[in-house]
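Open the structure in your viewer and have the selection tool ready. We will take a short tour together, one stop at a time.

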Amino acid sequence: MEDNNMISFASDYIAGAHPVIMQRLLETNMENLSGYGTDQYCAQAKEKIKQAFQCPDGEVFFLVGGTQTNQVIISTMLAPYEGVIAAKTGHVSVHEAGAIEYSGHKVIELEEKDGKLAAEDIKKCIEDFYSDDNHEHMVYPGMVYISFPTEYGTLYSKQELTEISNICRNYEIPLFIDGARLGYGIESKENNLRPEEIAELCDVFYIGGTKVGALCGEAVVFPHHNTPKHFVTQIKQRGALLAKGRLLGIQFDTLFTDNLYFEISKHAIEMAEKLKEVFHKKGYTFFLESPTNQQFIILENEKMKELSKNVEFGFWEKYDDNHTVVRFATSWSTDESSIDQLEEYL
C-alpha cells in the first residue's frame, strides 16, 4: 500500500487528472456520444489545438498514450526498409521496451549532449549512409525523432530546431517531435520557441496530456496537411484506437479552454524553480540542472536511502560506487507544501 505520509517527486503523472477535467467528465458522463473520436468534443478540441498552434490546415488525432503514439507515428510514416534517427537517450531508444523495433523499424541511435541531437551529427549520419556503396543493403534513415523537452529536461533553441528542420527538408525525411511534456517545454523561461514555430518547423508532433493534467491521452498533430493515408484505419490496426474517444476529446477540449494547458504547465515550471532553489540552498550537486520540470541530482548512497524513507524520486543512473543520479520531477499537481517538506527532510 502507498504511504500517505510520503511526498512524491517520482514523475509527472503520479496524480490523476486536473479537477476541471474530472468535473467535465462527470458533467458529460451520461451524454450519448458517437465513438472513435467522432463526437463533438473531439471536434471542438481539434479546432482549439489548431488555433493554439496556428496550423489551420493541420489534422489532429487523439491516442491513449505516448508509447502507442510514438509507435503509430513512426510505423505509419516510414517505408518498410527505413529506420528512425534518435538520440541514444531518446525515449524510443531506451524506455519503450523495443516498441519501435517490434513494428519492424530500426532505431538508428546517435550520440547526444544533454539529451539533444546536433544538426551536424544528423547530417553526417545521412551523408555517411548515402556515400556507402553498400547502402542498398542497409536500413535507410527515414525520419528524425527528437523530444521537446528531452529525456533530460533540456530544450532545443529556435536556431537548433531550425537547423535540424532544414536538414530533414533537404533530405526529404520527416521531423517528428515527441511532445509528451510539451507544455513544460513551452512554458520554460529559457524557451524561445512559440507554439506556432514548433508546428511550422516539424512534420508531425504530439501534445502530451498524460503528463500534463489529463488522465491519459496524447494529441497528434500533422500541421501541414501531411497525414499518412487511412491514418485512423492504421491506428486501429495497431490496437491504439479508443472506442470511447470522448474520453480523450473532452479532456483535450478542457485543456485547451481558457489557456488551461499552458497555465498548469507554467505552474510546474514555477515549482521546479523552487525545487532548484532548495537543492542549491542545501548544497546539493546537480548532475544536470534543466530548464524544465525534471531535475537530476547526485546523491550520496546513504543519504539516498535515508531520504527515500519519506520522499519518492526516480532512479536515473549510477554515478560512482558511492553516489547515484536521481530525478526529481514537478508537475501540474505539485504544491509548495511538498517542496517545504522536502526542504525539511534534506
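The tour visits a few strands, a cavity and then two helices.

**Stop 1: a covered strand.** Before you start clicking, keep in mind that this is a predicted model. Select residues 140–147, which form strand 5. How many of its residues are buried? The count is 8 of 8, so strand 5 is mostly covered, with buried meaning under 20% relative accessible area.

**Stop 2: the neighbours of strand 5.** Now add residues 82–87, which are strand 3. Strand 3 and strand 5 run parallel and are joined by 4 bridges. To find one of the pairings, click Gly83: its bridge partner in strand 5 is Pro141. Next, add strand 6, residues 175–178. Strand 6 also pairs with strand 5 over 4 bridges, again in the parallel sense. Here you can look at Val144, whose bridge partner in strand 6 is Leu175.

**Stop 3: an enclosed space.** Rolling a probe the size of a water molecule over the atoms shows where empty space is left. How many cavities of 30 Å³ or more does the structure hold? There is 1, and the volume of the largest cavity is about 60 Å³. To see what surrounds this cavity, select its lining: Ala87, Thr89, Gly90, Gly115, Leu117, Tyr145, Ile146, Ser147, Thr150, Glu151 and Tyr156. Strand 5, from our opening stop, supplies the largest share of that lining, with 3 residues. Try colouring the lining by class: you should get 5 nonpolar, 5 polar and 1 charged residues.

**Stop 4: one side of a helix.** Move on to helix 14, residues 336–345. Show the side chains of Ser338, Ile339, Leu342 and Glu343, which are buried. Why do they lie on the same side of helix 14? They cover an arc of only 145° around the axis, which puts them there. This fits a general pattern: an α-helix has 3.6 residues a turn, so residues three or four places apart point the same way. Now show what covers these buried residues of helix 14: the list includes strand 1 (7–8), helix 12 (260–281), helix 13, strand 11 (311–312) and strand 13 (323–329).

**Stop 5: a lysine to finish.** Helix 13 spans residues 301–307, and Lys303 is in it. Is Lys303 buried or exposed? Lys303 counts as buried because its relative accessibility is 17%, which is under the 20% cut-off. Leaving aside residues up to four places away in sequence, Lys303 touches Tyr284, Tyr345 and Leu346.

Note on methods
Residues are numbered from 1 along each chain as its sequence is written. This is a predicted model: local features need pLDDT of at least 70, side-chain atom pairs count only at pLDDT 80 or more; totals for chains, interfaces and linings use all residues. Side-chain values use heavy atoms; hydrogens and water are left out. Helices (H or I, at least four residues) and strands (E, at least two) are DSSP runs, numbered from the N terminus. Buried means under 20% relative accessible area, exposed over 50%, partly exposed in between (1.4 Å probe, protein chains only). Contact means heavy atoms within 4.5 Å. On a 1 Å grid over the protein atoms alone, a cavity is a set of points where a 1.4 Å probe fits but cannot get out, and a pocket is an open set with protein on both sides within 12 Å along at least five of seven lines; lining residues have an atom within 4 Å of a point. Grid points are joined across faces, edges and corners, and a volume is the space filled by probe spheres set on the points. Ala, Val, Leu, Ile, Met, Phe, Trp, Tyr, Cys and Pro count as nonpolar, Asp, Glu, Lys and Arg as charged, and the others, Gly among them, as polar. The arc is that of the directions from the helix axis to the C-beta atoms. Two strands pair if DSSP finds at least two bridges between them.
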